[in-house]
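This report covers internal space, nonpolar packing, aromatic pairs and a few backbone details of one chain. The sequence and the structure come before the details.

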Amino acid sequence: MKILVTGTAGFIGSHLAHRLLDRGDEVIGVDNVNDYYDVTLKEARLARLTGKPGFTEVRQDVADREAMEAVFREHKPERVVHLAAQAGVRYSLENPHAYVDANLVGFMNILEGCRHNDVRHLVYASSSSVYGANESMPFSVHDNVDHPLSLYAASKKANELMAHTYSHLYNLPTTGLRFFTVYGPWGRPDMALFIFTRKILAGEPIDVFNHGQHKRDFTYIDDIVEGVIRTLDSVACPNDEWSGAQPEPGTSKAPYRIYNIGSNNPVELSRFIEIIEERVGRKAQKNLLPLQPGDVPATYADVDALIRDVDYKPSTTVEEGIASFVDWYRDFYQV
């Protein structure tokens, strides 16, 4: 298939592009390579893709309406995986306009491109952060998600609503994936695993929020990519049993689906740090701090729907995943 993937200089997008190319798909990779974090790392990810048969790089901003119209018009993708976004909960407290531009305007341009170019399926990144103030565990797609705690979370909830509108009005099959704390080699420098590994190796203290009592459904990148591909191949369809009298949040009478994608096995942050220490061979100096604004104390994914519909089976333990990341980090940064 010809697949448009946005965010191919990003963590998940670059891994996904490799898997799609390896199975014989053609990938049009869109990314503006912004400086939200280390551009050198983004360029290194892209360098691994450049030259692979079937890969076409398009350096554009998804928020640029005319540019994205041209991309869809020229390449005519059959399916789209939209991963490009302004990420990060904490950054949204300081730079809210970046989230409107990338996550709302950018997503609008993707929806319009799909609508006008007969795209057969749009899969897009939502986030576990949409659960916000919800304390019912594990988080389920059947839960209410009307109380976000950050603008980032609100923008991802808005993406789900926008997608449903296009599924309803234009019969565009859309599937939203609520990612739960993805980690692994080539990961993002603003994520805890990257920060902790770098600082522990450098002998610097680490900031541990919520006194290490955070729980996160850490999900290894290979498990995430497998889930994305299985979802992409399973085109969203209407739920014929859906009722407006008792509306089911994760499905619709339109070709619309929402899934959690996580490991279904939350780990406390203090244990996560212990595993890093064991792999690195050094103890961390910890600054124990309170919960930060916009953060939630725990995430835990109910992935039953994804298991049922696409036979999703996350299999990588956090010990295996951290080991792979630390080995990659030491090799890439030669430390």
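## Internal cavity

In this predicted model, a search of the whole structure finds one cavity of 30 Å³ or more. The largest cavity holds about 50 Å³ of space. Helix H5 (96-116), strand E5 (121-127) and helix H6 (151-170) are the elements that each give two or more residues to its lining.

The lining of the largest cavity consists of His82, Leu83, Ala84, Ala85, Asn103, Phe107, Tyr124, Ala125, Lys156 and Asn159. Sorted by class, the lining has six nonpolar residues, three polar ones and one charged residue.

## Nonpolar core

The largest nonpolar core has 92 residues, and the members that touch the most others are Leu16, Val81, Phe179, Phe272 and Ile322. Which residues does leucine 16 contact, once its neighbours within four places in sequence are left aside? The contacts of leucine 16 are Val5, Val81, Leu83, Val225, Val228 and Ile229. Of these, Val81 is also among the core members that touch the most others, and Leu83 is also part of the cavity lining.

Leucine 177 belongs to strand E6 (residues 174-179). Its relative accessible area is 1%, so leucine 177 counts as buried. With neighbours within four places in sequence left aside, leucine 177 is in contact with Val123, Tyr124, Ala125, Ser126, Ser127, Val228, Thr231, Tyr259 and Ile261. Serine 126 lies 51 residues from leucine 177 in sequence, while the C-alpha atoms of the two are 5.2 Å apart. Tyr124 and Ala125, both contacts of leucine 177, also line the largest cavity.

## Aromatic pairs

The structure contains 26 aromatic pairs. One of them joins tyrosine 183 and tyrosine 220 in an edge-to-face arrangement, with 5.6 Å from centre to centre and 65° between the planes. Tyrosine 183 sits in strand E7 (residues 182-183) and tyrosine 220 in strand E10 (residues 219-220), so the pair links parts of the chain that are 37 residues apart. Both tyrosine 183 and tyrosine 220 are buried.

Phenylalanine 194 and tyrosine 333 also form an edge-to-face pair, at 5.9 Å centre to centre and 85° between the planes. This pair connects helix H7 (residues 192-202), which holds phenylalanine 194, to helix H11 (residues 318-333), which holds tyrosine 333, across 139 residues. Are the two partners buried or partly exposed? Phenylalanine 194 has a relative accessible area of 4% and is buried, whereas tyrosine 333 is partly exposed at 29%. Ring pairs join both residues into a cluster with Trp186, Phe325, Trp328, Tyr329 and Phe332.

## Helix H7 and its surroundings

The buried residues of H7 are Leu193, Phe194, Phe196, Thr197, Ile200 and Leu201. An α-helix has 3.6 residues a turn, so residues three or four places apart point the same way. The cover over the buried residues of H7 includes helix H2 (39-49), E7, strand E8 (206-208), helix H9 (269-280) and H11. After H7 comes glycine 203, which has a positive phi near 75°.

Threonine 50 is located in the loop between H2 and strand E3 (55-58). Its relative accessibility is 48%, and threonine 50 therefore counts as partly exposed. Apart from its neighbours within four places in sequence, threonine 50 contacts Phe55 and Glu57.

## Backbone details

The peptide bond from methionine 137 to proline 138 is cis, with omega near -5°. Proline 138 is in the loop between E5 and H6, two elements that also contribute to the cavity lining.

Two residues that are not glycine have a positive phi: tryptophan 186 at about 70° and aspartate 311 at about 60°. Tryptophan 186 lies in the loop between E7 and H7 and is buried, with a relative accessible area of 12%. Tryptophan 186 is also a member of the ring cluster described above. Aspartate 311 is in the loop between helix H10 (304-310) and H11, and counts as partly exposed at 36% relative accessibility.

Key:
Residues numbered from 1 in each chain as written. Predicted model: local features only at pLDDT ≥ 70, side-chain atom pairs only at ≥ 80, totals over all residues. Heavy atoms only, no water. 1 Å grid on protein atoms, 1.4 Å probe; cavity = no way out; pocket = protein on both sides within 12 Å on 5 of 7 lines; lining within 4 Å. Points joined across faces, edges and corners; volume = space filled by probe spheres on them. Helix = DSSP H or I, 4+ residues; strand = E, 2+ residues; numbered from the N terminus. Nonpolar A, V, L, I, M, F, W, Y, C, P; charged D, E, K, R; others polar. Core = buried A, V, L, I, M, F, W, Y, C linked by side-chain atoms within 4.5 Å. Buried < 20%, exposed > 50% of the residue type's maximum accessible area, 1.4 Å probe, protein only. Contact = heavy atoms within 4.5 Å. Phe/Tyr/Trp six-rings, centres within 6.5 Å; stacked < 30°, edge-to-face > 60°.
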